[in-house]
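Q: Could you walk me through this structure and show me what lies behind the terms used for it?

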Amino acid sequence: MFSLTKPIMLKGIAIAGVLLGSIINTALADNPIIQTLYSTDPAPFVYNNTVYLFTGHDETGARNYDMRDWRLYSSTDMVNWRDHGVILSLKNFSWAKADAWAAQVIERDGKFYYYVTVTKSSGGYAIGVAVSDKVTGPYKDALGKQLLSNNGIDPTVWIDDSDGQAYMYWGHNGPAYYVKLNRDMISYSGSIVGTTVQNFIEGPWLHKRNGTWYLTYAGSGGSNEDIKYATSTQPTGPWTYRGQVMAPQGRSFTNHAGIVDYKGSSYFFYHNGALPNGGTYARSVCVEKFSYNPDGTIPKLTMTDAGAPQIGTLDPYSQPVEAETMAFSSGLITAAKIDGTGGGIYVTSISQNDYIKVKGVDFGTAPGAASVDLRVAAAASGGKIELRVGSQSGTVIATCAVDATGGAQTWKTVSCPVSGGATGKQDLFFKFQGSNYNFDWWQFKRAVA
Ligand code: FUB
C-alpha cells in the first residue's frame, strides 16, 4: 500500500547514518526537526528550562520496522536542536532482541526513568525501564528483566501532582491498559486494568492539565493512522472521546504524539514521512505550536513544513555552540566521538556544498562580530567552511580554511576574521567546501566598538 524506501548510498564511514539532507528542497523549512537520520515516536520532556526530545530511529533502507536504538535531541528555542546521539539501545537490555519502539522518559526524585518497548529474546513485546542520574544518560537497564511482559507496547507515564501517584498506560489494537507504578518507578502494585478508548490503536500519550487528564493516541484514520484524544476527570478513566487532533497526512502509516508545555506555550510533536525517501519505515519527527481552546479542548492541527516559531534568539558569543546544533542541515551526519554516551557528538561525513542552518543568531548591534573560532579535525588539507547569513547562498561573512590537523580525530581551533554583515538577528549557514574533515563547535567574538 505504501512505497518502500529506496536504500540511500552510505558514505564511506563505518557509523550509522546516511546522506539524507542533500536532496532536500525545502531548505528553509524547520520540519522535520532532524535531517541527519530518520527519527520516530517523539517523547518530549521539559527539564531545567530545556526541551529534551527522546526519539526512536528508523534504520535507513529498511523494508520493515528496523529500529535498534533511541536518540536524544535538546533545544531551548524550539528551532535549533542539539543532537546528543544514541542515548539507549537494544544492547542495554540483555533480554531483548529487536524493536526499539516507542519510549518515554520522566523524572522522579532526581532520577530519570526511561520506559521502552522492545521484543524479548524469547519472543513477544515487553516494556522495560532504564534509569540514569542525568537526563542525558548514560541509562542502564533498571531491572535486568522486563517491567511488563504481557505483549504491551508504547508506555507513557505521568505522575499525578495531587497525590504523587504515577500511572503508566500502554496498548496496541485493543484496550488502553494502565497500572499504578510504585514510588520506586521500576515496579507496580495492583492489577493491570484495560480501559475502553474509542478507536484506540497505539501510541498513547498521557498528560494532565488544569485538573483534566488527556489521553492522546494513534487511531484508525483511514489508510493511515490519525491522532485522536480523549479526556477524563481521573487518571483511570472512563475516557470521553474528544475528536481528532491530526488527520492522516503524508507518507507514514503510523503517527505518534507527544505533548508538552514550554516557556508558556504548548507544543505537539508527531512523526511523518517527510524526508526524502521517507515513508512508513523511514519516519521523521516534527513539531507544531498550538493553544488549547478556552474550554481545554485541543484544536485540530495540520502538519507543516514551517514547524514551531523560534523562542528568542541564539547567542553566538557567550559559549561555544556545538556544531550538531541545527535548525536544518543538508548532506552531513553526526557521530559520537568515543564512548557513544552522547557526551561527544560532532558533525562528520561532510561533502561539497553540504550545509548547516542555525536559525535566529543574534550578532548584536554594529560593529557585531569580529572573528569566529571553529573546532575542526582534518586528515588532509583542502577543505574550507564558508559562513553565510540569510541563506546558504547569502552574504559570506567569513571563510575558514581547514588544513590538516594530524588526523580525523585530532581537534584544533581555527580562528577566522568576520566581515560584512554579522550584525543583528540572522539565520547563519555553515556552507562546506571540500570534504574529509570534521566539525565540533563554533564561537564568535565581538568587535570592539
Ligand atoms: O515506531 C514503532 C511503532 O510504530 C511505535 O511503537 C508505535 O507507536 C508506532 O509509531
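Q: What makes the approach of aspartate 154 to the ligand a polar contact?
A: A polar side-chain atom of aspartate 154 lies 2.5 Å from an oxygen atom of the ligand. A polar contact is a pair of N or O atoms within 3.5 Å, so this pair qualifies. Taken alone, the ligand exposes 280 Å², and the protein buries 99% of that (Shrake-Rupley accessible area, 1.4 Å probe).

Q: What should I know about the model itself?
A: This is a predicted model: local features need pLDDT of at least 70 and side-chain atom pairs pLDDT 80 or more, while totals for chains, interfaces and linings use all residues. Residues are numbered from 1 along each chain as its sequence is written, and side-chain values use heavy atoms, leaving out hydrogens and water.

Q: How do you know that alanine 102 makes a polar contact too?
A: Here a backbone N or O atom of alanine 102 lies 3.2 Å from an oxygen atom of the ligand, so the pair meets the cut-off already given.

Q: Which residues surround the ligand?
A: Among them are Met67, Trp101, Glu202 and Arg283; to be near, a residue needs a heavy atom within 4 Å. The shell divides into 3 nonpolar, 3 polar and 4 charged residues, where Asp, Glu, Lys and Arg count as charged.

Q: Why are β15 and β16 called paired?
A: Pairing takes at least two bridges found by DSSP. Strands β15 (residues 212–220) and β16 (residues 225–232) are joined by 8 bridges and run antiparallel, so they count as a pair. Threonine 216 stands opposite tyrosine 229 in β16.

Notes: A polar contact is a pair of N or O atoms within 3.5 Å; within protein, one must be able to donate a hydrogen and the other to accept it, and residues adjacent in sequence count only if both atoms are side-chain atoms. Helices (H or I, at least four residues) and strands (E, at least two) are DSSP runs, numbered from the N terminus.
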